[in-house]
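Biologist: Please pick one helix in this model and take me slowly through what it packs against. I would also like to hear about any unusual backbone geometry in the segments that follow the helices involved.

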Amino acid sequence: MSIYSGPVFEMARDQFHVIADHLDIPLDERDRLLLPKRAVAVSCPIHMDDGTTRVFPGYRVQHHLTMGPTKGGTRFAPNVDIGEIGALAVWMSWKCALAELPYGGAKGGITVDPAALSRHELENLSRRYMQEMIPFVGPRVDVMAPDMGTNEQIMAWFMDTYSMYQGVTVPEIVTGKPVASGGTLGRREATGHGVAFLSFRAMEKIGVEPVGASAIIQGFGNVGSFAALGLAERGVRIVGLSDHTVAYYDPKGFDIPAVNRHVGAHGVLRGFSSEAVIDAEALLTQPCDLLAPCAVERVINGANAGQLKCRIIAEGANGPTTPEADLVLRQRNDEIFVIPDILCNAGGVIVSYFEWVQDLQQYFWSKREVMDRLEQALDRSWDNVVRRAEADGVSNRTAAMAIGVEKVRNAKILRGLFP
Ligand code: NAD
């Protein structure tokens, strides 16, 4: 029996088999491509502020080691399990291959609600998790980064913990660090900037003028807030917003810098407005030009895909659209243009790659250099996906995943199977 179970891993597996069928990959090759190479499960005991001890389960899954070290974020959330982490690691592999980065995919996480911990408890847990992972990670083995529920500060604690054990500072062990600790300019906004950048490419493609266009953003964390800002800066009206505490909809649009100030001060969206509150599920089916899910998996599903009233879906989150929804969206191909997750949110790992390269070389780039190279990399992937979708007559998701899976498969074939 596989340790990878649950709806999120099933979704990654089903998506993979659609692509494998499309590429005619023989059945006996498929497990080697899909199943993660390594999975580490740890128990992280920490001292709580009240003097008690608690133990939190932590995971790290490394999908394949064929093209270099593995790379992937670390998620702190109450529902984290190894099936979800495994799925996210698999998606990272296709994403890195599509973006032509020399990495396999990885992902890690702790089953915890970070908002329920004090700063001191969060630091204890972050450091203990990294300490437990030291035998399994390294700058040329597996490089961590932030994901949902983690941030620059946690990456700084990871880097410091790893470095204390090595006896020298090793900034290249994690990306998404503060700039003052060896991070790169542009990483904080990279993913959301990429979501906005590709949204503009999609608008151009289907003939939507950004000024006055409307967008709904689900999730207002790192990805959602910078996506909203990037869109608003070019005149897009953000008519819908949500986080895990509240959802808002107002056709007049929200003042994004003001929303950012509110979230900066209070940590959550709740309390920003008393008038525009809407049911969180209903938010997704309100009319808009662009819908950007930037929170959790499986929010666009078989039940709501037929009700969506947007023209573009920009998948800032990983895995926001289920395979059932994909079937519906395929029928609606002429109405809704999908920018699939492994293309749409790749800005994060692309700039993480730039950060790793800068750390290895101890030579740092200007923000302009980082952003220019990011946009060039996204443009290249965009062109490859759109061209492939049109040539093969398939959805953008199938095209993007086919490019990623093919690259990993070819690398495996060329290296051969040891022994
Ligand atoms: P984050 O922790 O900074 O923010 C997550 C946001 O989602 C918060 O506003 C939270 O309140 C909200 N949220 C959580 N559950 C929700 C729900 N059920 N409905 C609505 N909102 C909800 O996380 P992030 O880094 O912005 O990551 C968001 C998504 O983007 C994840 O799927 C992550 O894997 C993906 N992603 C992140 C990066 C990155 O660089 N941070 C890169 C690529 C992909």
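Modeller: Happy to, and here is a close look at one helix and its surroundings.

First, a word on the ground rules: this is a predicted model, in which local features need pLDDT of at least 70 and side-chain atom pairs count only at pLDDT 80 or more, while totals for chains, interfaces and linings use all residues. Residues are numbered from 1 along each chain as its sequence is written, and side-chain values use heavy atoms, with hydrogens and water left out.

The helix I chose is α14, residues 396–415. Helices here are DSSP runs of H or I with at least four residues, strands are E runs of at least two, and both are numbered from the N terminus. Two packed helices are described by the angle between their axes and the distance between the axes.

Let's begin with α3 (residues 82–98), whose axis comes within 8 Å of that of α14 and crosses it at roughly 90 degrees; axes are lines fitted to C-alpha atoms over the stretch in contact, with angles from 0 to 180 degrees between N-to-C directions. That makes α3 roughly perpendicular to α14, the term for angles of 65 to 115 degrees. On the α3 side, S93, W94, A97 and L98 take part, and they meet A400, M401, I403, G404, V405, K407 and V408 of α14, where contact means heavy atoms within 4.5 Å. This contact has eight nonpolar residues, two polar and one charged; Ala, Val, Leu, Ile, Met, Phe, Trp, Tyr, Cys and Pro count as nonpolar, Asp, Glu, Lys and Arg as charged, and the others, Gly among them, as polar.

Next comes α1 (residues 7–22), with its axis within 10 Å of the α14 axis and a crossing of roughly 80 degrees. α1 and α14 are therefore also roughly perpendicular to each other. Here Q15, F16, I19 and H22 of α1 touch R397, T398, M401, A402 and V405 of α14. By class, five residues of this contact are nonpolar, three are polar and one is charged. M401 and V405 take part in the contact with α3 and in the one with α1.

Now for the backbone you asked about. In the segment after α14 sits P419, joined to F418 by a cis peptide bond with omega of about 5 degrees. Beyond α3, E100 lies in the loop that leads to β4 (104–111). E100 is not a glycine, yet its phi is positive, at about 60 degrees.

Key. Angles under 35 degrees count as roughly parallel, over 145 as roughly antiparallel, 65 to 115 as roughly perpendicular and the rest as oblique.
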